Amino acid sequence: MNQGMDSKIFEVRFKERVSGSDLTEAIRYTLMRFLYINTRLIELDSDFYIVQSPVAMVAHLTKNLGKLGSLRTNEHLVEVTYHKNSAYFAFHHALCDGRGVKPLPNFSQILTNQSMLTLPPDMRAALGYENTFKNTVKSMILPYTKNDTSKTFKEITTNYRTYLNQQKDIDFFNKEANGIIGLYNKLDEAPSFEEKQKLLAFMENIQLNTYTISYIGQFILNENEQ
């Protein structure tokens with residue numbers, strides 16, 4: 001853990017130079033509402049847990065980004081830095097992903113002769129947990145095969161609309177959530193971290209002919225929903 005982990009980085013550019021004190025004050029206000037941002041990972045009995053960090057978060061002036069969970073970032077899972085007119089927000093997926101490595105088993109059945117587009121929609125409303133602060137997502141899959149090259153644009157989009165509607169079904173969401181729970185239960189039953197790694201070893205050689213569109217927000221289609 002001391003070596004840290006790679007992270008997702010958002011860069012926000014301003015017209016004026018970033019004020020470190022103002023950015024730190026913004027962090028303070030943010031933590032009043034989102035306490036889970038000031039956290040770290042600990043390992044206990046071969047499992048990892050998110051716990052509150054005793055170290056206060058501040059914005060650091062630096063051009064070089066540290067690895068989250070390392071001593072350099074005070075073991076935080078979120079790090080805020082700035083340089084000149086840019087502010088950088090790094091965060092670890094454990095805080096918002098809600099499913100960890102679950103997408104990979106889903107793709108193990110994908111044929112190598114088709115490309116896949118995956119969209120990460122929010123599952124909270126479908127599962128009845130709209131007020132949870134954790135972001136729980138799944139993958140909505142849109143396949144594109146060699147057979148699609150001979151189809152018209154209308155035929156392809158009609159098929160995609162059908163795929164999306166099928167994957168937005170409440171029962172489908174519940175099935176996906178139960179699959180996540182089943183995976184975690186299997187991992188929880190493993191007696192050691194090494195055994196957990198063995199259970200997931202099949203993922204190491206999975207090759208996916210796919211790409212992902214990642215976004216922040218919602219798809220609101222209104223009259224185009226049907």
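This section describes the fold, the cavity and selected residues of a predicted model.

The protein has 226 residues, of which 32% are buried. Six helices and nine strands make up its secondary structure elements. Sequence-distant contacts are frequent in the count. Of the contacts between residues at least 6 apart in sequence, 59% join residues at least 24 apart. The exposed surface amounts to about 15,300 Å². Carbon and sulfur atoms supply 53% of that area.

An open sheet contains four strands in the order S1-S6-S5-S4. Its pairing is mixed. Strands S1 (8–13) and S4 (60–61) are the edges, and each pairs on one side only. S4 pairs with strand S5 (residues 78–83) in the parallel sense. Two bridges connect S4 and S5. Histidine 60 has threonine 81 in S5 as its bridge partner.

The loop between S4 and S5 holds asparagine 74 and glutamate 75. Both have positive phi values. For asparagine 74, phi is near 55°, in a residue other than glycine. For glutamate 75, phi is near 65°, again in a residue other than glycine. Asparagine 74 is partly exposed, because its relative accessibility is 32%, and the partly exposed class runs between 20% and 50%. Glutamate 75 has a relative accessibility of 24% and therefore also counts as partly exposed.

The search of the whole structure returned one cavity of 30 Å³ or more. The volume of the largest cavity is about 40 Å³. Its lining consists of Ala56, Met57, Val58, His60, Asn74, His76 and Glu79. By class, three of these residues are nonpolar, three are polar and one is charged. The lining draws on elements described above. Asn74, one of the lining residues, lies in the loop between S4 and S5. His60, also in the lining, is the residue bridged to threonine 81.

A hairpin is formed by strands S2 and S3, with two residues between them. S2 covers residues 39–44 and S3 covers residues 47–52. The two strands run antiparallel and are joined by six bridges. Among the paired residues, isoleucine 42 is matched with tyrosine 49 in S3. In the turn, aspartate 45 has a positive phi of about 55°.

Phenylalanine 193 belongs to helix H6 (residues 193–199). In space, phenylalanine 193 lies 8.1 Å from aspartate 45, C-alpha to C-alpha. Along the sequence, the two residues are 148 apart. Not counting residues up to four places away in sequence, phenylalanine 193 touches Glu43, Ser46 and Phe48. The residue is nevertheless not buried: its relative accessibility is 29%, so phenylalanine 193 counts as partly exposed. The cut-off for burial is under 20%.

Lysine 15 lies in the loop between S1 and helix H1 (20–33). Its relative accessibility is 85%, so lysine 15 counts as exposed. The exposed class begins over 50%. Lysine 15 and lysine 84 are 69 residues apart along the chain, and 10.0 Å separates their C-alpha atoms.

Terms used. Residues numbered from 1 in each chain as written. Predicted model: local features only at pLDDT ≥ 70, side-chain atom pairs only at ≥ 80, totals over all residues. Heavy atoms only, no water. Pairing = 2+ DSSP bridges. Buried < 20%, exposed > 50% of the residue type's maximum accessible area, 1.4 Å probe, protein only. Contact = heavy atoms within 4.5 Å. Areas by Shrake-Rupley, 256 points an atom, 1.4 Å probe, with all protein chains shown as cover. 1 Å grid on protein atoms, 1.4 Å probe; cavity = no way out; pocket = protein on both sides within 12 Å on 5 of 7 lines; lining within 4 Å. Points joined across faces, edges and corners; volume = space filled by probe spheres on them. Nonpolar A, V, L, I, M, F, W, Y, C, P; charged D, E, K, R; others polar.
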